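Trainee: I would be grateful for a close look at one part of this model, followed by an account of how that part fits into the rest of the chain.

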Amino acid sequence: SLDPDPAINCYHQIGRVTRVTREETREATRRIARRAGDLLQEALRHRTGPEATIDIQWVRRIGAGLSRNIFASRVAIDPDEKGLSGDYVVGIPRAESHPELAERIAREEALLTEVRKEDLPFRIPGFLGTIEIILFRVA
């Protein structure tokens, strides 16, 4: 039987159990969050140019879906001639993502683009771009 220690997360992987400590899980999340911030900065750099200062103020994990880990971020850009400062969501594909994830992302982008045309009482994210992850601008 497995140790019921709450500091241990157990993951079943193809017939075997992998034990991961809480600290290992936190470190992996911090590493992915740093990657999300780096990719967001790279995507924004293409929109702002080299003269702008891009300040990724924070990156936090806000959830996980079946195919992506989701991180939120607040960004300040100076000078911000294009109005790009604000809140962003970054979707990092999970290692076990469905092989057709790219097609699903394209359909998601098309759907969100159409829904953003409606006058709704809540915000709909718009795509900033797709690198190897998904970047949403929370408008």
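Through how many residues does the hairpin join β3 to β4? Please describe these two strands in detail and then their surroundings.

Mentor: The hairpin that joins β3 to β4 passes through three residues. Please keep in mind from the outset that this is a predicted model.

Let us begin with the two strands. Strand β3 covers residues 53-64 and strand β4 covers residues 68-78. The two run antiparallel, and ten bridges join them. Two pairs of partners may help you to trace this arrangement in the view. Gly 63 in β3 has Ile 70 of β4 as its bridge partner, and Ile 54 stands opposite Ile 77 in β4. Before leaving β3, please look at residues Trp 58 and Arg 60. Arg 60 lies over the face of Trp 58, at 4.4 Å from the ring centre. Pairs between aromatic rings, by contrast, are absent: the count comes to zero.

Strand β4 also has a partner in strand β5, which spans residues 86-93. This pairing is likewise antiparallel, and eight bridges make it up. One of the matched positions is Phe 71, whose bridge partner in β5 is Val 90.

Now consider single residues in these strands. Asn 69 lies in β4. Its relative accessible area is 11%, so Asn 69 counts as buried, the limit being under 20%. Leaving out residues up to four places away in sequence, Asn 69 touches Ile 32, Arg 61, Gly 63, Ala 64, Val 90, Gly 91, Ile 92 and Arg 94. Of these, Gly 63 has already appeared as the bridge partner of Ile 70, and Val 90 as the bridge partner of Phe 71.

In β5, the residue to examine is Tyr 88. With a relative accessible area of 1%, Tyr 88 is therefore buried as well. Tyr 88 and Ala 72 are 16 residues apart along the chain, while their C-alpha atoms are separated by 5.7 Å.

The loop between β4 and β5 contains Pro 79. The peptide bond that joins Asp 78 and Pro 79 is cis, with omega at about -5 degrees. As a general point, most peptide bonds are trans, and most residues other than glycine have a negative phi.

We may now turn to helix α1, residues 22-48. This helix has 27 residues and reaches 39 Å from its first C-alpha to its last, which is close to the 39 Å expected at 1.5 Å a residue. The buried residues of α1 are Ala 33, Ala 36, Gly 37, Leu 39, Leu 40, Ala 43, Leu 44 and Thr 48. Gly 49 follows α1 and has a positive phi, near 95 degrees.

Thr 48, found in α1, returns us to the strands. At 15% relative accessibility, Thr 48 falls under the 20% limit and so counts as buried. Apart from neighbours within four places in sequence, Thr 48 is in contact with Ile 54, Ile 77 and Leu 84. Ile 54 and Ile 77 are the two residues that stand opposite each other across β3 and β4.

A further strand deserves mention. Gly 126 has its place in strand β6, residues 126-130. Gly 126 counts as buried because its relative accessibility is 10%. Its C-alpha lies 9.9 Å from that of Val 89, although the two are 37 residues apart in sequence.

Finally, let us set this part within the whole. The protein chain has two helices and seven strands, and along the sequence they follow the pattern β-β-α-β-β-β-α-β-β. Of its 139 residues, 29% count as buried. Among the contacts with a separation of 6 or more, 43% are between residues 24 or more positions apart.

A word on confidence completes the picture. The chain averages a pLDDT of 78, and 79% of the residues score at least 70. Over residues 1-13, however, pLDDT stays under 50, and the model has 25 contacts beyond four places in sequence for this stretch. Where pLDDT is low, the predicted coordinates should not be read in detail.

Methods
Residues numbered from 1 in each chain as written. Predicted model: local features only at pLDDT ≥ 70, side-chain atom pairs only at ≥ 80, totals over all residues. Heavy atoms only, no water. Pairing = 2+ DSSP bridges. Helix = DSSP H or I, 4+ residues; strand = E, 2+ residues; numbered from the N terminus. Phe/Tyr/Trp six-rings, centres within 6.5 Å; stacked < 30°, edge-to-face > 60°. Lys NZ or Arg CZ within 6 Å of the ring centre and 35° of its normal. Expected span 1.5 Å × (residues − 1). Buried < 20%, exposed > 50% of the residue type's maximum accessible area, 1.4 Å probe, protein only. Contact = heavy atoms within 4.5 Å. pLDDT = per-residue confidence, 0-100.
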